[in-house]
Amino acid sequence: MVTVQERIEELLKKREQARLGGGPERIARQHAAGKYTAWERLEMLVDKGSFIEFGRFVLHRASEFGMDKRKAYGDGVITGLAEIGGRKVAVYFQDFTFMGGSVGEMHAAKIARTIQLALKLGIPIVGINDSGGARIQEGVDSLKGYGEIFYWNVMASGVVPQIVAIMGPCAGGAVYSPALSDFIVMTEKSFMFITGPKVVKAATGEEVSFEELGGAHVHATRSGMAHFVAKTEEEAFETIRKLLSYLPSNNVEDPPYVDTGDDPERQDEALNSIVPDDPLKPYDVREVIERVVDRGTFFEVHAHFAPNAVVGFARLGGHVVGIVANQPAYLAGCLDINSSDKIARFVMFCNAFNIPIVTFVDVPGFLPGTAQEHGGIIRHGAKIIYAYAETTVPKLTVILRKAYGGAYIALGSRHLGGDVVLAWPTAEIAVMGPEGAIEIIYKRELAKAENPEELAKKFAEEYRRNIANPYVPAARGYVDDVILPSETRPVLIRALEFLLNKRERLPRPPKKHGIPPV
């Protein structure tokens with residue numbers, strides 16, 4: 001007869017086995033690679049004593065290829081509920097020590113259930129990916145498992161925030177779950193790709209490394225997949241904590257208010273001289289943002305991708321807002337394919353999670369050239385228009401300097417539903433820049449002039465003074481007020497306080513969903 005004590009001892013033994021994952025040797029390899037184990041990561045990220053585990057003793061059901069002898073409790077992933085910085089979250093941590101964190105039927109079922117729990121409870125999902133991809137030995141059952149994860153990623157989209165940190169390999173079909181999430185954090189030791197270097201070499205003859213093909217730097221700067229890059233796993237966890245502090249738990253809650261202690265009526269005289277006299281001279285829009293929002297609260301997203309646009313979260317009077325801005329210090333702030341995607345996706349996220357949007361505009365237009373035209377700048381630029389027009393959250397827009405053509409319309413203008421549109425005295429709002437406009441309007445006069453350059457300069461100044469200024473659109477009601485730059489913070493905060501109770505009263509056509517120009 002088995003005693004109660006023996007049963008307790010058996011449980012404790014099995015718990016220890018579950019914690020060891022792939023075993024001491026595999027754990028040692030993980031440490032030698034400069035990586036923490038799944039359990040170590042969990043204990044570093046979640047609040048002490050808050051974790052509730054589900055599926056601790058799950059085992060895979062495969063028997064082919066010797067799989068009946070390769071088993072580990074948990075099947076290579078830790079799942080459950082926890083708190084991070086006092087916020088309730090659903091979490092999963094893939095365990096690379098067991099079969100390289102590969103995703104089989106039961107492994108996938110645990111992750112899918114975690115997402116379902118998050119939906120039921122209305123809490124964010126935080127996943128730590130460290131996996132070689134589909135478990136080949138399980139064949140179609142592994143693919144079925146991936147399909148279920150993807151399905152629940154889509155069901156959770158726009159309902160609860162989804163954050164994924166990649167801390168090792170993320171290969172093959174595994175990449176699509178992070179791609180369906182809201183934010184991706186990559187450590188410098190991680191990489192992500194659909195087809196490995198061997199496949200690339202076979203197809204093109206090109207020799208590439210994991211890092212060159214899909215390292216964190218590549219995805220942060222070129223593909224745009226990585227929203228954040230962390231030098232260490234500890235830094236990645238800090239990024240997750242900070243990100244969560246700006247987000248609501250779900251789409252029916254408001255983002256968390258924090259009293260930052262920064263005076264809502266604070267004015268910054270330096271803003272009055274931040275825009276150069278020369279309209280062609282650049283400046284860093286981040287300085288404008290930092291001086292307007294609550295001190296120290298601007299948290300940039302996608303900082304290394306499409307730097308001609310700046311997006312991120314901040315607080316205004318303690319309230320969370322999403323910031324969108326053109327960056328005159330890069331490509332003169334022009335909109336191109338990548339910046340259009342970056343802005344549109346961020347605006348859609350803010351709308352889904354009740355985060356007001358503040359847009360700082362200084363845009364000369366869409367980037368010209370055959371590369372952009374052939375790459376689909378029309379289609380990608382239309383995404384911004386679609387995103388802003390679709391949003392129902394409060395939209396506040398400040399035109400700092402240039403606001404030309406379709407780019408002016410796209411970026412939170414009154415015409416796309418901007419609730420409050422403000423302009424600085426330096427604003428230039430027109431179909432195109434003065435220099436381009438006068439070449440068309442005064443083409444004949446310039447052709448006949450003895451000194452066309454001097455005459456062009458004169459015409460441009462007249463156009464800027466009479467047409468490309470904030471008072472013309474203000475007279476039409478397209479701009480609500482022209483304000484001193486130093487007044488921007490208190491004016492925005494007062495407007496935001498009113499708009500927080502905004503409800504869209506205008507009837508919109510009944511439909512299943514719109515069809516964005518993806």
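Select Val154 first: in this predicted model, Val154 sits in helix H5 and counts as partly exposed because its relative accessibility is 44%, a value that lies between the 20% limit for buried and the 50% limit for exposed residues. Now extend the selection to Tyr151, Met155, Tyr176, Leu180 and Ile194, which together with Val154 form a nonpolar patch on the surface with about 540 Å² of accessible area. Colouring helix H5, residues 140-156, shows where the patch draws most from, since this helix gives it three residues, the most of any contributor.

From the end of H5, move on to Gly158, which lies in the loop leading from H5 to strand S5 (162-171). Is Gly158 buried or partly exposed? With a relative accessibility of 22%, Gly158 counts as partly exposed. If you display its surroundings and leave aside the neighbours within four places in sequence, you will find Gly158 in contact with Asn251, Ala352 and Phe353. For a sense of distance, draw a line from the C-alpha of Gly158 to that of Asp68: the two residues are 90 positions apart in sequence and 40 Å apart in space.

Next, zoom out to the whole chain. The C-alpha trace spans about 105 × 55 × 45 Å along its principal axes, and the chain has 20 helices and 16 strands. Of its 518 residues, 52% count as buried, while the chain exposes about 24300 Å², of which carbon and sulfur atoms supply 56%. Among contacts with a sequence separation of 6 or more, 74% are between residues 24 or more positions apart. If you colour by charge, the 59 positive and 64 negative charges have mean positions that are 5 Å apart.

Helix H9, residues 216-223, is a good place to look at packing, and here you can select Ala216, Val218, His219 and Ala220, which are buried. Show strand S6 (183-187), strand S7 (191-193), helix H8 (210-214) and strand S8 (228-230) alongside, as these are the elements against which the buried residues of H9 pack. Just after H9 comes Gly224, which takes a positive phi of about 80°.

Two further backbone positions deserve a stop. Most residues other than glycine have a negative phi. Met99, although not a glycine, has a positive phi of about 50°, and it can be found in the loop between strand S3 (87-94) and helix H4 (105-121). Met99 is buried, because its relative accessible area is 16%. Asn354 is likewise not a glycine and has a positive phi of about 60°, in this case in the loop between helix H12 (337-352) and strand S12 (357-363). Asn354 is partly exposed, with a relative accessible area of 24%.

The last part of the tour follows the charged side chains, for which a search of the whole structure finds 29 salt bridges. Begin with Glu43 and Arg19, whose side chains meet at 2.6 Å, N to O. This pair links distant parts of the chain, with Glu43 in helix H3 (residues 38-45) and Arg19 in helix H1 (residues 4-20), 24 residues apart. Glu43 is partly exposed at a relative accessible area of 46%, and Arg19 is also partly exposed at 35%.

Then select Arg489 and Asp294, which meet in a salt bridge of 2.8 Å, N to O. Which parts of the chain does this pair link? Arg489 belongs to helix H20 (residues 488-499) and Asp294 to the loop between H11 and strand S9 (299-301), 195 residues away in sequence. Arg489 counts as buried because its relative accessibility is 1%, and Asp294 counts as buried because its value is 0%.

Keep that pair on screen and add Asp262, Arg266 and Arg295, since Asp262, Arg266, Asp294, Arg295 and Arg489 are linked in a network of salt bridges. Asp262 is located in the loop between helix H10 (233-244) and helix H11 (285-292), and it is buried at 9% relative accessibility. Not counting residues up to four places away in sequence, Asp262 touches Val293, Asp294, Arg295 and Arg489.

Finish at Asp419 and Lys502, which form a salt bridge whose closest N and O atoms are 2.8 Å apart. This pair too links distant parts of the chain, 83 residues apart, with Asp419 in the loop between helix H15 (405-410) and strand S14 (420-423) and Lys502 in the segment after H20. Asp419 is partly exposed at a relative accessible area of 25%, whereas Lys502 is buried at 15%.

Notes
Residues numbered from 1 in each chain as written. Predicted model: local features only at pLDDT ≥ 70, side-chain atom pairs only at ≥ 80, totals over all residues. Heavy atoms only, no water. Patch = residues over 30% accessible without salt bridge, like charges linked within 9 Å, V, L, I, M, F, W, Y side chains within 5 Å. Areas by Shrake-Rupley, 256 points an atom, 1.4 Å probe, with all protein chains shown as cover. Salt bridge = Lys/Arg side-chain N within 4 Å of Asp/Glu carboxyl O. Helix = DSSP H or I, 4+ residues; strand = E, 2+ residues; numbered from the N terminus. Buried < 20%, exposed > 50% of the residue type's maximum accessible area, 1.4 Å probe, protein only. Contact = heavy atoms within 4.5 Å. Lys, Arg positive; Asp, Glu negative; His and termini not counted. Charge placed at Lys NZ, Arg CZ, Asp CG, Glu CD.
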